[in-house]
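Thank you all for making time this morning. I would like to walk you through one chain, and I will ask you to keep the structure in view while I talk.

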Amino acid sequence: MSNKIGIIGFGNIAKAIITPLLNDSILKTEEVYCLVKSNKSLDLIKNSYPHKINIFLANSSDAKMVWDSPIKLLSVKPQQLNEVDEFNIKKEQENYMVSILAGVSLRRLEEKFPNHKCVRAVTNIPILIGEGLTGISWGAKINEDKKNFIKSIFKTSSKIYELPEEYLDIFLALTSSSPAIIALIIDSLSDGGLSGGLNKKLSEELVIEMILGTVLLLKKSNMGIIELRNMVTSPEGTTISALNTLEKSCFRSALIDAIMAARNRSKEFQ
Ligand SMILES: NC(=O)c1ccc[n+]([C@@H]2O[C@H](COP(=O)([O-])OP(=O)(O)OC[C@H]3O[C@@H](n4cnc5c(N)ncnc54)[C@H](OP(=O)(O)O)[C@@H]3O)[C@@H](O)[C@H]2O)c1
């Protein structure tokens, strides 16, 4: 990779995407041009971010150096999109806007950035440890070379799935919102441990190790999900008592409804 990249909004997720590329020298510091909104973030990044990237305030004249980049990663919050406008675009080059904003459609991006070819990417928080999932939907007229470059931005930190845009909202609900659901499940199960007399720290540790082991078993053994469930659910046993209690509380439909609520919220941003 040798292209300059502009990053509009160098917050948590942009850092999680870009830092491993800098750590592995896939990107050089002098190729990374970033914008933030506040002096506070600017100072924090200048003083404590481990790589000496180029970073400027969005409303400064230096911002043009970021907008100069042929490829930009748009990583502000969806609610901040209205404050971002094309600025000093080099029309003689092809410009690409890769948005990671939840829910914001390609059509809206193309209207907002008429001098850019637009791409939507949905990624999730395990990118922080290189275990993320990224869904990508391509806008019109993007050639294979550019697609490969854009995929390489996410490849170090995540597995990539190329999807038609109509599936990105459900992809987001399942992969980007669900880590919060898993965190809630871990917290709730460990409260169960607490109720049974274990301390919270040990309960959390047991739950996390149990989830990790269960997931690895499913991944490594080819065992089906129902097969695993049946294997640990014996007649009149402890597990069926637990599962019955969850059925009475509509646990499964609550999870299905939660995923659909996240998908519908994502659609509202469009
Ligand atoms: N959280 C997740 O799990 C997750 C997962 C996948 C994708 N996403 C998406 O990732 C995006 C960023 O989320 P985040 O958690 O990284 O947010 P964040 O940490 O708040 O980062 C937002 C960044 O945008 C900057 N910014 C704000 N207004 C700007 C403007 N007008 N011009 C240039 N920069 C501006 C902010 O600067 P200041 O700090 O100075 O305000 C900050 O650096 C969101 O759109 C979200 O939908 C989030």
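I will begin with the sheet, go on to the two domains, and end with two residues in loops.

What we are looking at is a predicted model, so please take everything I say as a description of that model. The sheet is an open one of eight strands, and if you follow it across, the order reads S3-S2-S1-S4-S5-S6-S7-S8, with mixed pairing. At the edges you will find strand S3, residues 54-57, and strand S8, residues 158-162; each of these has a single partner strand, so one side of each is left without a neighbour in the sheet. On average, and ignoring direction, neighbouring strands of this sheet are turned by 20° against each other.

Within that order, let me pick out the pair formed by strand S5, residues 96-99, and strand S6, residues 117-123, which run parallel and are joined by four bridges. If you would like a place to put your finger, Tyr96 has Lys117 in S6 as its bridge partner. Helix H5, residues 144-155, lies across S5 and S6, and also across strand S4 (71-74), strand S7 (132-138) and S8, running at about 145° to S8.

Now to the domains. The domain assignment of the chain gives domain 1 as 5-163 and domain 2 as 171-268, and the centres of the two, taken over C-alpha atoms, are separated by 34 Å. Where they meet, 10 residues of domain 1 are in contact with eight residues of domain 2. Which elements give two or more residues to the side of domain 1 that touches domain 2? They are S6 and S7, and by class that side of domain 1 has six nonpolar residues and four polar ones, with no charged residues.

Finally, there are two backbone details I would like you to look at. Lys141, which sits in the loop between S7 and H5, has a positive phi of about 60° although it is not a glycine. Is Lys141 buried or exposed? It counts as exposed, because it has 8 C-beta neighbours inside 10 Å, and the cut-off for that class is 12 or fewer. In domain 2, turn to the loop between helix H9 (238-248) and helix H10 (251-268), where Cys250 is found. Cys250 is likewise a residue other than glycine with a positive phi, near 55°, and with 11 C-beta neighbours inside 10 Å it too counts as exposed.

Definitions and conventions:
Residues are numbered from 1 along each chain as its sequence is written. This is a predicted model: local features need pLDDT of at least 70, side-chain atom pairs count only at pLDDT 80 or more; totals for chains, interfaces and linings use all residues. Two strands pair if DSSP finds at least two bridges between them. Axes are lines fitted to C-alpha atoms, for helices over the stretch in contact, and angles run from 0 to 180 degrees between N-to-C directions. Two residues are in contact if their C-beta atoms, placed from the backbone, lie within 7 Å. Domain bounds come from an automatic or database domain assignment. Ala, Val, Leu, Ile, Met, Phe, Trp, Tyr, Cys and Pro count as nonpolar, Asp, Glu, Lys and Arg as charged, and the others, Gly among them, as polar. A residue is buried if 20 or more other C-beta atoms lie within 10 Å of its own, exposed if 12 or fewer, and partly exposed in between; C-beta atoms are placed from the backbone.
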